[in-house]
Each structure stands twice: as structure tokens, then as C-alpha cells.
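Colleague: I should like to learn how to read the features of this model one by one. May we begin with a single residue and then widen the view?

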Amino acid sequence: MKVLVTGANGYLGTGVVKQLCNDGVEVIAVCHSRTGIVDKRADIKQCDIFNLKNPFVELGKPDVLLHMAWRNGFVHNSPSHIIDFPKHYEFIKKIIDSGIKKVAVMGSMHEIGFYEGSIKEDTPAHPESFYGIAKDALRNTTKLLCKNAGITFQWLRGYYIVGNSEYGCSVFSKITSAEKEGKELFPFTTGINQWDFIDYNDFVKQVAATIEQDEINGVINICNGRPEKLADRVERFIKENNYNIKLDYGKFPDRSYDSKAVWGDDTKIQTILSKRLS
């Protein structure tokens, strides 16, 4: 299997590329710039994927596309999400038209919008941010493109990822950065919302396991499968890493479009993982 990974030098992409290489997969790692550390076992290519005439051929004729490239993912109402959507569509269409066998795209639970409870494959989507709207549109268009071409479609719906890298944009990365700067307090929300948190290493293993198989496809939740209060998970994160920083509660308001309690249905991913072990 030869897997083309876009966004390979991003916060998530670097871990996924490493895991795929550990699994013995031939990886073509595509980066827009040379920032970030990409596993040298991969075939690293620096380019703007949106300016390629025939990305399938120019990027090594992969068997599988894992499309993770996305900018401003943590700035949910950035206009870039709407501006970039046609570019993502055109790139994926070119890949499919050239004869690739499978397309997997990184999605987000923010496609669903305000919702309470367990998110399943067929949970209706009513996104309430530009980020969610663009991701949901890409999910529907990619699904149709794959159906029309008769190829495998996988949509990897990611949840809240916990990692202690200071280079990401999540609250956990920001806390790590603040700790290293010697700050005593970290301005925080009320922390009462309950979300599905998945550790970084578990996330990359789930992504790799999903695209390395073809029996279970469609929308697949990359998740932990249970809710946990934001304040509890962040406090535990601080303790796990032996940080000294304290949370300064109530400094920021809770986002109005965030669900009060939401988590992913992990039926599919647990089946994939169990088959991997058997």
C-alpha cells in the first residue's frame, strides 16, 4: 500500500505519518513548507497541492489519499474555510479522476453543529461555523465523487485531541506553551462542557488502522467514545505532565455554538481495532 498524506508536517500529520511508517506502509508525505518535522522514512515532497495539474501522477501514483491538509482549523470562523473549500474539492476530484483506489479525508465533529449526545454515522449535520460548514460540504462532495467513481470512501471524523506539544493550537498545546514560558495562571472558560477527548497517540493509531483496512468505510468516528468535563480533562492533563500552571476559571466565555455534552459513537473504530489485533 502506498499512501499519500497531505498536511504531513502539521500537528496531526506528523504523528500519522510516523505511525504509518511504523506499520510498514509506504508513505508519500506532502508538505506546503519545510516547517515541522516529518519522518524521514517517508518520501517527503514540498509543494502547493492546489497548483498541481495532475497530483496523482506528480505525487507518485498512490493507492490511497489521506487528505489532512487544512489551514486555520482552530479559527472556526475564518473566511479561509469557505475560500479554500473549492480548492480542496478540485484537488480531490483530480486525484479521483486519475484513478486512485481509495480516498480518506480528515473530518471534524464540528460538522455536526450544536448537538447533545452520541454522534453516529448518520447524525444530521447542522454546522454553526465556517469551519464546520466547509468540512461538511467537503464530506458530501467527496462521498459523491467516490460513489460515482466506484472507489472506497472514508471520512475520519475527529474529536478533541489531547497532546502536550507546544506547537499545536489546541488548549492543551497553549497550556504547554504557557507552562514553558513560566506563567502561573492560564485564562480559561468555566470548563463545564463535556466532550470526547482522545489522546494524541490513540488518535494517530486509529487513523492509521482505519486507512490500512477496507472492510469498514464511510463515516468513522476517531474518538474515545465517552464524554468528560473539559475542566476535569484539562486539570488531569496538567497533573499528568507535572505542570505548575493553574487554570484561571471564567476569564473567557463558553462558545455559544459548542455542545454541552457530545461524544462519538465508537462502534466502527472499535471493530476496526479489534480486527487489527485478531
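Modeller: Certainly. The model is predicted. Helices and strands here are DSSP runs, numbered from the N terminus.

Colleague: With that in mind, where is S129 found?

Modeller: S129 is found in the loop between β6 (117–119) and α4 (130–149).

Colleague: Is S129 buried or exposed?

Modeller: A residue is called buried when its relative accessible area is under 20%. S129 has a relative accessible area of 3%, so it is buried.

Colleague: Which residues is S129 in contact with, leaving aside its neighbours within four places in sequence?

Modeller: With those neighbours left aside, S129 is in contact with H76 and N77. In addition, a polar atom of the S129 side chain lies 3.1 Å from the backbone nitrogen of G132.

Colleague: Let us turn to a helix. How should one read the side that a residue faces?

Modeller: An α-helix has 3.6 residues a turn, so residues three or four places apart point the same way. As a case, take α6, which covers residues 200–211. From its first C-alpha to its last, α6 reaches 17 Å, close to the 16 Å expected for its 12 residues at 1.5 Å a residue.

Colleague: How many of the residues of α6 are buried?

Modeller: In α6, 9 of the 12 residues are buried, and the helix is mostly covered. Among the buried residues are Y200, F203, V204 and V207. The run from Q206 to I211 is also buried, namely Q206, V207, A208, A209, T210 and I211.

Colleague: How should one read the cysteines?

Modeller: A disulfide is a covalent bond between the sulfur atoms of two cysteines. A search of the whole structure finds 0 disulfides. C21 is in no disulfide, and the nearest cysteine sulfur, that of C31, is 12 Å away. C21 counts as buried because its relative accessibility is 10%. C146, at 0% relative accessibility, likewise counts as buried.

Colleague: Finally, what can be said of the chain as a whole?

Modeller: The chain has 8 helices and 15 strands. Its radius of gyration is 18 Å, close to the 19 Å that the globule rule gives for 278 residues, so the chain is as compact as a globular protein of that length. The C-alpha atoms fill a box of roughly 50 × 45 × 40 Å along the principal axes.

Colleague: What share of the residues of the chain count as buried?

Modeller: Of the 278 residues, 51% count as buried. As for contacts with a separation of 6 or more, residues 24 or more positions apart account for 74% of them.

Note on methods: Residues numbered from 1 in each chain as written. Predicted model: local features only at pLDDT ≥ 70, side-chain atom pairs only at ≥ 80, totals over all residues. Heavy atoms only, no water. Helix = DSSP H or I, 4+ residues; strand = E, 2+ residues; numbered from the N terminus. Buried < 20%, exposed > 50% of the residue type's maximum accessible area, 1.4 Å probe, protein only. Polar contact = N/O pair within 3.5 Å; in protein donor to acceptor, adjacent residues only side chain to side chain. Contact = heavy atoms within 4.5 Å. Expected span 1.5 Å × (residues − 1). Disulfide = S-S within 2.5 Å. Rg over C-alpha atoms; globule rule 2.2 N^0.38 Å.
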